[in-house]
Amino acid sequence: MLTLSESANAMLGIVRNQASYDMIVHQQHYYVPIRHMAIVADAQLIAFYMPAWYTPLPYHITHVAQIGGYVIQPRLSIWPMAPHHPRASQLYIVLTLQALTTLTPAIPSPRWRRVSVHRMQMSTLARLPYLGYRMSHHTAGLWYE
Amino acid sequence: MFRFGCALSLPQRQSDFATHIYARCVAAQRVGLGVVRITGTMPQRIPTHTEALLQSYIQAHRLRIVIHASFAQLPQLIPQFHTYAVLFEQLACRDAVIICHVPQLDDTTATLLDTMPAAIRRHLALEHTHQHPEAFVAFADRVELPPIFDWLHYHLQAPWPYQPAQSACMWAQRWGTRQALIHMSSPSERGAYGAHGARIDAPAVAWLLRTLHMHGIIADIELETAAGIVAYQRLMHELARCAPDLHALINQGGADAHTI
């Protein structure tokens, strides 16, 4: 059972495709580019944002999990079936997830279609539908890649 | 430029040693710390794919790695010291420090320290704790290892004449070509006698930095406080207000003001 403390540091990650979704749900893993280590290092929770491809509930934050562990790996180790990928040799942080939980209700976030990795506290995450417009307007450079 | 360091309270999680070091380096650099304290567990060899990443990050941001050895008898620590030395060699951290406590200033300890391999002694430094400052520095001179001046322990010993800043300078000069490391903390307002306070006394730091600067000594300052980064940020804020000339001498190149 996952306890969501309002003061916990959380990060938000996008689930880009079905393969990433399967990795999260079945293998309890999620990978983040190494440049986001500053965010990953002090996050206790990770929430997952589903973009348009997720037809059951697009543009929603649907899942949250605890970060149990992390390790730096080349992309090739994570996706050995794609040796010729342009970023095959780049390093990623592989997160081990614990207590993956479906958010009920899911948090709608219609404005954030390009967000990748983001830092916040759980209290902020819970208020996203109300704060999203104003914060995305003022801190666009921080929120979007 | 003076560099600062303090304990980082990152979430506990499973990771390999390379990820552990990299996360701490990034977290430290993000708030403007130049001294990175990593936990003194038995390190593993860094995998090849992360070796270059760590090396380049540490060198690009001029970070100094510091390991506090655990409180144990010296003979038990020697295998750990060996692995630390190998790690520093692998990461090309020439100025990294292994901080060692010497509970007893006796002949046995001196012999043990004297006979340690050069690869370990190159990184070793002795931390002042409960000993009389004069006896401690004489012991450090005897074993030819640099002493780490500890402001709080000096204050608690209260030697006469009471000259902590001047003593810190004299101890720092014993580091020779290595950049000196100094421990700074303030007495706890409520905790047990000798405990580190949550806050760092900014005027005391200003006194120390000004004296070091007057003598032309550049040192790294490690803050020992349970409040960690909060205490460091508050100290920087107070220094910027009361001693802006000294604040300008502090290397905060990596400080990232983005907070939500």
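**Exercise 1.** In this predicted model, decide whether A:Y54 is buried or exposed, and classify its ring pair with A:W53.

*Solution.* Begin with the relative accessible area of A:Y54, which is 13%; because buried means under 20%, this residue counts as buried. A:W53, at 26% relative accessibility, is partly exposed. Turning to the rings of A:W53 and A:Y54, their centres lie 5.5 Å apart and their planes stand at 75°. Since planes over 60 degrees apart count as edge-to-face, the pair is edge-to-face. A search of the whole structure gives 15 aromatic pairs over all chains.

**Exercise 2.** Work out which parts of chain B are tied together by the pair of B:F149 and B:W171.

*Solution.* First take the geometry: with ring centres 5.3 Å apart and planes at 90°, the pair is edge-to-face. Next place the residues, B:F149 in strand β7 (residues 147–150) and B:W171 in helix α8 (residues 164–173), so that the pair ties together parts 22 residues apart in sequence. Both B:F149 and B:W171 are buried. Finally, ring pairs link these two into a cluster whose members include B:F136, B:W151 and B:W207.

**Exercise 3.** Describe the interface of chain A and chain B, and state which element gives the largest share of the side of chain A.

*Solution.* The contact takes 21 residues from chain A and 16 residues from chain B, and the two chains bury about 1,700 Å² between them, 69% of it on carbon and sulfur atoms. Counting polar links next, there are zero salt bridges, whereas six residue pairs are in polar contact, both residues at pLDDT 80 or more. On the side of chain A that touches chain B, α2 (37–41), β4 (60–74) and β6 (117–121) each give two or more residues, and β4(A) supplies the largest share, eight residues.

Key. Residues are numbered from 1 along each chain as its sequence is written. Chains are lettered from A and ligands numbered from 1 in the order in which they are written. This is a predicted model: local features need pLDDT of at least 70, side-chain atom pairs count only at pLDDT 80 or more; totals for chains, interfaces and linings use all residues. Side-chain values use heavy atoms; hydrogens and water are left out. Rings of Phe, Tyr and Trp (its six-membered ring) pair if their centres lie within 6.5 Å; planes under 30 degrees apart count as stacked, over 60 as edge-to-face and the rest as tilted. Buried means under 20% relative accessible area, exposed over 50%, partly exposed in between (1.4 Å probe, protein chains only). Helices (H or I, at least four residues) and strands (E, at least two) are DSSP runs, numbered from the N terminus. Contact means heavy atoms within 4.5 Å. Buried area is the accessible area (1.4 Å probe) that two parts lose on being put together, summed over both. A salt bridge is a side-chain nitrogen of Lys or Arg within 4 Å of a carboxyl oxygen of Asp or Glu. A polar contact is a pair of N or O atoms within 3.5 Å; within protein, one must be able to donate a hydrogen and the other to accept it, and residues adjacent in sequence count only if both atoms are side-chain atoms.
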